[in-house]
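The following exercises concern packing and empty space in one protein model. Each task is followed by a solution in steps.

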Amino acid sequence: MTSLDDPMAELRAALAAAAAELRGSPAGVELRLDRPPRPEFGDFSTNAPLQLAAGLDAQPRAVADRLGELLGRVLGPDLDRAEVAGPGFLNLFLSDRFWRSSLATVIAAGERFGAGAAATPGTERILVEFVSANPTGPITVAAARHAAYGDSLCRILAFAGHAVEREYYVNDTGAQIRRFAESLAARARGEEPPEDGYRGTYVAELAAGIPGAADLPLDALTARGVQLMLAGVAATLERFRVSFDRFFFERSLHSEGAIRRTLALLDERGHVYASEGATWLRTSALGDDKDRVLRRSSGELTYFAADVAYHEEKLRRGPDRAIDVLGADHHGYVARMKAAWVALGGEPDRLELLIMQLVNLTEGGRRVQMSKREGEFVTLDELIDDIGVDAARWFLLQRSHDTTLDLDLALAREQSPDNPVYYVQYAHARIAAIRRRAGEQRIAAAGAADLVAGETSLHPSERALVRRLLDFPSEVATCATRRAPHRLTAYALELAQGFSAFYRDCRVVGAGEEGGDEAFRLVLSGACQATLARALDLLGVEAPESM
RNA sequence: GCCCCCGUAGCUCAGCGGAUAAGAGCGAGGGACUUCUAAUCCCUAGGUCGCAGGUUCGAAUCCUGCCGGGGGCGCCA
């Protein structure tokens, strides 16, 4: 997106131009345009005078005065007035001409509105690994949160202009897998799984789906079981609108000697030593609180060793950045992986390890129990059957990834305005209804109209709605850089609220007779609908035409 | 023993790379419109931003300590 597609970027540029005139080159200072809490403080406020005053050795309020004048010259009729406030803030009141031409800019940008926001800091090739749940059982609600988060993050990063690769790491070897296979074998023979095995009923069902399972060698049964389980997992994720570019199998690291090569490489670089019969990686030299075992005294490789090799492989593929979305139980693992990454020659900042917090399901305030041990856990399939994909994704995305999330099934099921996802979808559907009512002719006429030339004074609800629309590009950029899809749920809700208020105050179809501007309102509704649809798409939630 | 997350209105939570005067939804109370989808909107009440220090012209936001809640780790995967 160029600044020509983003009215706020143009406004910021105008501010920078005025500041530059005051001071030459405003290098090193961040000139911010904030949204004041109340309309009396204007449409936007800036701390620029405070920032500039220090370098100019002048009173901030005097600087604010002069900046206001300069800005008036740069913005011309777009600026209604500028007021100095507090210690040296400048409150800006934009004119209807600004709102009108801004809407025209948004419409001209079309599909590009809000896209490519990452261009300024630079686009990157980003490898995102998420879910990576062991193929020993169905996707749980905790993993569902990973799926929703990782997928939405990828959508946002891609929309912001990055090249994103989505990857699922499959732990298809090791002790857990062995227990899984043994449980399958037991079920196939009609026996109970071993004490430390997997006891869920799905194991028996899976075993029943493997011809001759009771007589297969354990290796073959393992391969078949993992394959079937993973197919089920992928199908569930597909249903949840989550897809991957690549499933990476841990087994391939063993069979192709990648782990051995990685260990040799680390040894060459002097990061490895032997002690107590085990082989260790000296992670403590790189920020970890102790060294970590790569090969146990028994000769067995650790899970960590495989993961180091996996990251060596990632590093060799040459992405600008790798993001690992990990479970809460992996937080102790962050320091050692980061150390390994650096030992492998990676730049520390190019590996991001994001820790997801847990999900609690509640039902009207009561906690719903989830116990994987007993095989009585809520699966993603069950969650989708209960509340639907849209509600599930929305509620799982609503909170920051690093905070514990309570999902109220009763609320998520509800089809009422109390339920935010329905509220937002309803606003979208309602706009669709208005446009159907208007008909193609009026919409075409509105599209051809000169919005800026409109004479009528805008209703406050119209201005407020345009302003919320203009927030979209920077909101997307923030969501991308802070890896924070949850902010988009808040934005979508605010935009929907803005539309609902506008809808109440302003007749759209046939507005001309009541003093409003039908063309402007049709175009505004359309832009609002498109932006709601885009925000929902980035969250992986559908935007219905009718409800 | 070590580590992570959280503590903001009655409830659920945004905000937390500092900045004028703290936000939303639900719940509570009051009201509007009788429509282009009432699956709506507006107003009111309600907060020592866990506590105590510190940095700063300025802290819910950054730092330190403490208290309370949740969770994790310690050649498991």
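**Exercise 1.** Determine which residues of helix α12 (residues 334–343) are buried, and what covers them.

Solution. The model is predicted, and local features are read only where pLDDT is at least 70. Step one is to list the buried residues of α12: Arg336, Met337, Ala339, Ala340, Trp341 and Ala343. Step two is to look for their cover, which includes the helices α10 (258–268) and α11 (303–316). The cover also includes the strands β9 (278–281), β10 (292–295), β11 (321–326) and β12 (351–355). Step three is to follow the chain past the helix: just after α12, Gly345 has a positive phi of about 105 degrees.

**Exercise 2.** Find which members of the largest nonpolar core touch the most other members, and where this core lies relative to domain 1 and domain 2.

Solution. In soluble globular proteins, nonpolar side chains tend to be buried together. The largest nonpolar core here has 119 residues, and Leu237 and Phe240 touch the most other members. Helix α20 (residues 518–539) is the largest contributor to this core, giving twelve residues. Domain 1 (3–94) and domain 2 (420–539) both supply residues to the core, so it lies between them. Next, take Leu237 and set aside residues up to four places away in sequence: Leu237 touches Val131, Ile139, Ala147, Tyr168, Val242, Phe244 and Leu380. Apart from this core lies another, of 27 residues, among them Leu263, Phe304, Ala309 and Met337.

**Exercise 3.** Decide whether Ser45 is buried or exposed, and name its contacts.

Solution. Ser45 belongs to strand β2 (residues 44–46). Its relative accessibility is 11%. Buried means under 20%, so Ser45 counts as buried. With neighbours within four places in sequence left aside, Ser45 is in contact with Arg32, Leu33, Asp34, Pro36, Leu90 and Asn91.

**Exercise 4.** State how many cavities of 30 Å³ or more the structure holds, and describe the lining of the largest cavity.

Solution. Rolling a probe the size of a water molecule over the atoms shows where empty space is left. There is one cavity of 30 Å³ or more, and the largest cavity has a volume of about 40 Å³. Its lining consists of Arg145, Tyr149, Met356, Leu396, Leu397, Arg399, Ser400, His401, Pro485 and His486. The elements giving two or more residues to this lining are α5 (141–159) and α14 (389–397). Sorted by type, the lining residues comprise five nonpolar, three polar and two charged.

Notes. Residues are numbered from 1 along each chain as its sequence is written. Chains are lettered from A and ligands numbered from 1 in the order in which they are written. This is a predicted model: local features need pLDDT of at least 70, side-chain atom pairs count only at pLDDT 80 or more; totals for chains, interfaces and linings use all residues. Side-chain values use heavy atoms; hydrogens and water are left out. A nonpolar core is a set of buried Ala, Val, Leu, Ile, Met, Phe, Trp, Tyr and Cys residues joined through side-chain atoms within 4.5 Å. Buried means under 20% relative accessible area, exposed over 50%, partly exposed in between (1.4 Å probe, protein chains only). Helices (H or I, at least four residues) and strands (E, at least two) are DSSP runs, numbered from the N terminus. Domain bounds come from an automatic or database domain assignment. Contact means heavy atoms within 4.5 Å. On a 1 Å grid over the protein atoms alone, a cavity is a set of points where a 1.4 Å probe fits but cannot get out, and a pocket is an open set with protein on both sides within 12 Å along at least five of seven lines; lining residues have an atom within 4 Å of a point. Grid points are joined across faces, edges and corners, and a volume is the space filled by probe spheres set on the points. Ala, Val, Leu, Ile, Met, Phe, Trp, Tyr, Cys and Pro count as nonpolar, Asp, Glu, Lys and Arg as charged, and the others, Gly among them, as polar.
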